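Subject: Structure handover

Hello,

Here is the structure, handed over for your use. My notes on it follow below the display.

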Amino acid sequence: MTPRVVVTPEAEEVIHQLKATHGELMFHQSGGCCDGSSPMCFPKGELMINETDVLLGSIAGCEFYMAKDQFEYWKHTQLIINVVQGRGASFSLEIPLGVRFVTESRVYTEAELASL
């Protein structure tokens, strides 16, 4: 089965660093506002997840969620979580490290869509 969300090796390294400091983590794809549309990293359980969120999968052992209404726009794409230098304007755990997670994406092939 084609995963809905994957992580680059560089982002996975940052996740492992954050896990060593904060323990178990979770991600939520932000839908905009103050933090743009960045993937947000929190200690597991800090962000309340409910029936309006969709579990897309996991990256580096961390659950990754997105709001249902936002998922409707992104459901034809695979999310690729990467990390770049620079301080983001959010509450995500990586910000003090001088990096920020970013979401890249690619459109699924017809075969991949059929396997979802």
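Helix H2 (68-74) and S6 each supply at least two residues of the lining of the largest cavity. This is a predicted model. The lining is made up of Arg-4, Leu-56, Met-66, Phe-71, Trp-74, Thr-77, Leu-79 and Tyr-108. The volume of this cavity is about 40 Å³, and the structure holds 1 cavity of 30 Å³ or more. Empty space of this kind is found by rolling a probe the size of a water molecule over the atoms.

Next, the nonpolar core. The largest one has 22 residues, and Ile-15, Phe-27, Leu-56, Phe-64 and Phe-101 are those with the most contacts inside it. At least two core residues come from each of these elements: helix H1 (9-22), S2, strand S4 (53-59), S5, strand S6 (77-85) and strand S7 (99-107). H1 gives the largest share, 4 residues.

Two of the core residues just named, Phe-27 and Phe-64, also meet in strand pairing: Phe-64 in S5 is the bridge partner of Phe-27. Leaving out residues up to four places away in sequence, Phe-64 touches Val-5, Phe-27, Gln-29, Pro-39, Val-54, Leu-55, Leu-56, Gly-57, Ser-58, Ile-59, Leu-79 and Ile-81.

Strand S2 covers residues 25-29, and 5 of its 5 residues are buried. Leu-25, Phe-27 and Gln-29 point one way from the strand, while Met-26 and His-28 point the other way. S2 pairs with two strands that I looked at:

- With strand S3 (residues 39-43), S2 runs antiparallel, joined by 5 bridges. Met-26 has Phe-42 as its bridge partner in S3, and Leu-25 has Pro-43.
- With strand S5 (residues 62-67), S2 pairs in the parallel sense over 4 bridges.

S3 is mostly covered as well, with 4 of its 5 residues buried.

Is Ser-38, in the loop between S2 and S3, buried or exposed? Ser-38 counts as buried, because its relative accessibility is 19% and the cut-off for buried is under 20%. Apart from neighbours within four places in sequence, Ser-38 is in contact with His-28, Gln-29, Ser-30 and Phe-101. Of these, His-28 and Gln-29 belong to S2, where they point opposite ways.

There is also an open sheet of 3 strands, in the order S1-S6-S7, with mixed pairing. Strand S1 (5-7) and S7 stand at its edges with a single partner strand each, so one side of each has no neighbour in the sheet. On average, neighbouring strands here are turned by 30° against each other, direction ignored. S1 and S6 run parallel and are joined by 3 bridges. Within that pair, Val-7 stands opposite Ile-81 in S6. H1 packs on this sheet and touches S1, S6 and S7, with its direction at about 70° to that of S6.

Some elements come up more than once in these notes. S6 helps to line the largest cavity, supplies residues to the largest nonpolar core and lies between S1 and S7 in the open sheet. H1 supplies 4 residues to that core and packs on the sheet. Leu-56 is among the core residues with the most contacts and is also one of the residues lining the cavity.

Regards

Methods. Residues are numbered from 1 along each chain as its sequence is written. This is a predicted model: local features need pLDDT of at least 70, side-chain atom pairs count only at pLDDT 80 or more; totals for chains, interfaces and linings use all residues. Side-chain values use heavy atoms; hydrogens and water are left out. Buried means under 20% relative accessible area, exposed over 50%, partly exposed in between (1.4 Å probe, protein chains only). Two strands pair if DSSP finds at least two bridges between them. A nonpolar core is a set of buried Ala, Val, Leu, Ile, Met, Phe, Trp, Tyr and Cys residues joined through side-chain atoms within 4.5 Å. Contact means heavy atoms within 4.5 Å. Axes are lines fitted to C-alpha atoms, for helices over the stretch in contact, and angles run from 0 to 180 degrees between N-to-C directions. On a 1 Å grid over the protein atoms alone, a cavity is a set of points where a 1.4 Å probe fits but cannot get out, and a pocket is an open set with protein on both sides within 12 Å along at least five of seven lines; lining residues have an atom within 4 Å of a point. Grid points are joined across faces, edges and corners, and a volume is the space filled by probe spheres set on the points.
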